[in-house]
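Let's take a walk through a protein model, one piece at a time. Have a look at the picture before reading on.

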Amino acid sequence: MMMVAPAVVVLGQNSVPLARKIITVLPGAKLYGLAGRTWEVDVSFTNFGETLRELFAGGTPIIGICAAGILIRTLAPLISDKRQEPPLLAVAEDGSVVVPLLGGLNGVNDLARRIAEVLEVKPAITTTGDIRFRTALLSPPPGYHLANPDDAKKFISDLLAGARVKLWGTAPWLSNSQLPIDAEGELTIQVTESLVKPTANCLVYHPQTVAIAITHPCVTVDSIQQFLTDAQLAPASVAAVVAPLTIAASPAIQAIAATYNVPTRFFTPSQLESLLTQGYSLAEAIALTATGNGQLISPPSPSSPPSHIAAISPQPIDPNTIGQPRGRLAIIGTGPGGAKWMSPEVKEILTSATDLVGYKTYLNLVGSLADGKQRHESDNREEIARAMMALDLAATGRYVAVVSSGDPGIYAMAAAVFEVLDYHHKPEWDSIDIYVAPGISAMQAAAATIGAPLGHDFCAISLSDILKPWSIIEQRIAAAAQADFVIAFYNPVSRDRTWQLTEARNILLRYRKPSTPVVLAKNVTRPGQTVKVITLEELAADSADMRTVILIGSTQTRTIERSDGSISVYTPRRYE
């Protein structure tokens, strides 16, 4: 079973370094910090109680760097079912103590040990069975599932009272413990992939040793469930769904994996070549490769060649060590620059991604969220090459984030990626899960700093003639001006392009009054931000650079001089 990534919750900035240290041993964990008292956290919250209760109710393990009493009092109304409650731990602010509080059936003690190890302290574990037997029967380690937890309480009580236990099957975490193991014991622990009927005096653990190999995208959840039933295999023993990379995008495969709450892993032809040349079918080759030449289990009436098959490994399978995951490519927008303008979704993607691809300036805007990632920097004009590299990386099973500032779909990398998919298609790219995560655009940020100049119909035009001829740009400026749109000019001036902005102004003056308000917004939300309002007749080549967004008012756009001397600009929603 895959555990939900934990939340590490802090109430002050002094606890952030300790939280970051803890997160190094908790893949996918997020740092939650109290707004106004913490910064550079993954999630900022304002209400401690609501946030904690929401995480707990959603099954998220919680590590609070605070007093244990605060956590207990906050969550007391939700504590009702120890089988369902997620792990809850308190860590002293100086890192000297790690206290598991709740979640004994869901791995809290193991989580406490992992945290204590990185902090170089001893976890304050109080569970009697765990202390005496040096193992937690109610909370087996990853790779094992307890089939009959209802019987465990009396079973452990009997052990503590002096009963002895015989062990059927192989599990090092049990044989290396301090359990009173005796071949003549009155109690039994059975470790098996097979479906068996547990009894009160027998705890049954299913090791995750089964890999289900699928070679056809039309295999259904029902057919796999029937296959496991016919083979008398416990669903809890399924460790992974494996398949050739060519069908990684199949919704059926994702549905089967979701049914058994296991990951999918995929194999390339080169990884299977040796077994295929020996005469094994594709399904057999995948199953054997995933399990280290394990025991093949075929359906009662397999097709030829079989569309699905299973294999049993001699030990629990770690899916991270076999094949590759389905590659993921997220094209994200970080907003105009400041961290507070970055969406929670984008922050989550940056936290989970393995690789970041982008223009160096934009990658630097990510800040600490880039820590531990592979950075792939390139020149700002190499968009097509950058998109191809990102797709190639994702095809190898990496989680790649292509980073743009602003919104990735507005004069940014989303269009470049889809252009490459359209014109430079490679079969291996079909396996990639591609997603676009929006960001606040530069024109939205610029408008927000001055009022509401985009309050009515507007359009955006890039003045760069690198990718399109100036004749088209002229046509669009004239058409937008004649239609009375507010216009956002992107890429207005560069070192090599200095005349286009002046020419754009001249076109606009044919349709707009010289007094039309113009907003010049430079480095919005970044160091050196400047925002000022001029008139259209004052607009000149030296008014802007490539870091400036220019908003040209319509005939309806108005300015307001505030009592404090500031100026606001807005475009009313109704025409007089």
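Helices and strands here are runs assigned by DSSP, with helices (H or I) at least four residues long and strands (E) at least two, numbered from the N terminus. Keep in mind that this is a predicted model.

## The whole chain

How many helices and strands does the chain have? There are 18 helices and 28 strands. Measured out along the principal axes, the C-alpha atoms fill a box of roughly 100 × 60 × 40 Å. The chain has 576 residues, and 49% of them count as buried. Take the contacts between residues at least 6 apart in sequence: 62% of these join residues at least 24 apart.

UniProt, in an unreviewed entry, places the feature "domain: Tetrapyrrole methylase" at residues 328-540. That span is 33% helix and 24% strand, and its end C-alpha atoms lie 44 Å apart.

## Strand 1 and its partners

Start with strand 1, which covers residues 7-10. Ala7 and Val9 point one way from this strand, while Val8 and Val10 point the other way, and all are buried.

Strand 1 pairs with strand 2 (residues 30-34) in the parallel sense, over 4 bridges. Here Ala7 stands opposite Lys30. Another 3 bridges join strand 1 to strand 4 (residues 62-64), and these two also run parallel. In that pairing, Val9 stands opposite Gly64. As a bit of background, strands of a sheet pair through backbone hydrogen bonds, either parallel or antiparallel.

## Helix 4

Next up is helix 4, at residues 108-119. Its 12 residues reach 16 Å from the first C-alpha to the last, close to the 16 Å expected at 1.5 Å a residue. Which residues of helix 4 are buried? They are Val108, Asn109, Leu111, Ala112, Ile115, Ala116, Val118 and Leu119.

A handy rule for reading such a list: an α-helix has 3.6 residues a turn, so residues three or four places apart point the same way. Right after helix 4 comes Glu120, whose phi is positive, near 60°.

## His308 and strand 15

Is His308 buried or exposed? Its relative accessibility is 13%, so His308 counts as buried, the cut-off being under 20%. This histidine sits in strand 15, which spans residues 308-312. The strand is mostly covered, with 5 of its 5 residues buried. His308, Ala310 and Ile312 point one way from strand 15, and Ile309 and Ala311 point the other way.

What does His308 touch? Leaving aside neighbours within four places in sequence, His308 is in contact with Ala213, Ile214, Val219, Ser223, Ile224, Phe227 and Pro299. There is also a polar contact of 3.1 Å between the side chains of His308 and Ser307.

Strand 15 has pairing partners as well. Strand 11 (residues 210-214) pairs with strand 15 in the antiparallel sense over 5 bridges, and Ile214 has His308 as its bridge partner. Strand 14 (residues 295-297) is joined to strand 15 by 3 bridges, again antiparallel, with Gln295 opposite Ile312.

## An open sheet of five strands

Further along the chain, 5 strands form an open sheet with mixed pairing, in the order 22-23-26-24-25. Strand 22 (458-462) and strand 25 (530-535) are the edge strands, each pairing on one side only. From one strand to the next, the twist averages 20°.

Strand 22 and strand 23 (residues 486-490) run parallel and are joined by 5 bridges. In this pair, Ile461 has Phe489 as its bridge partner. Helix 16 (residues 442-450) packs on the sheet, touching strands 22, 23, 24, 25 and 26. The direction of helix 16 makes about 65° with that of strand 26.

## Two loop residues

Let's finish with a pair of residues in loops. Gln232 is not a glycine, yet it has a positive phi of about 55°. Gln232 lies in the loop between helix 8 (221-230) and strand 12 (238-244), and at 42% relative accessibility it counts as partly exposed.

Asn523 is not a glycine either, and has a positive phi of about 55°. Asn523 is found in the loop between strand 24 and strand 25. With a relative accessible area of 8%, Asn523 is buried.

Notes. Residues numbered from 1 in each chain as written. Predicted model: local features only at pLDDT ≥ 70, side-chain atom pairs only at ≥ 80, totals over all residues. Heavy atoms only, no water. Pairing = 2+ DSSP bridges. Axes fitted to C-alpha atoms, helices over the stretch in contact; angles between N-to-C directions. Contact = heavy atoms within 4.5 Å. Expected span 1.5 Å × (residues − 1). Buried < 20%, exposed > 50% of the residue type's maximum accessible area, 1.4 Å probe, protein only. Polar contact = N/O pair within 3.5 Å; in protein donor to acceptor, adjacent residues only side chain to side chain. UniProt positions renumbered as here; feature names shortened; annotations may be inferred.
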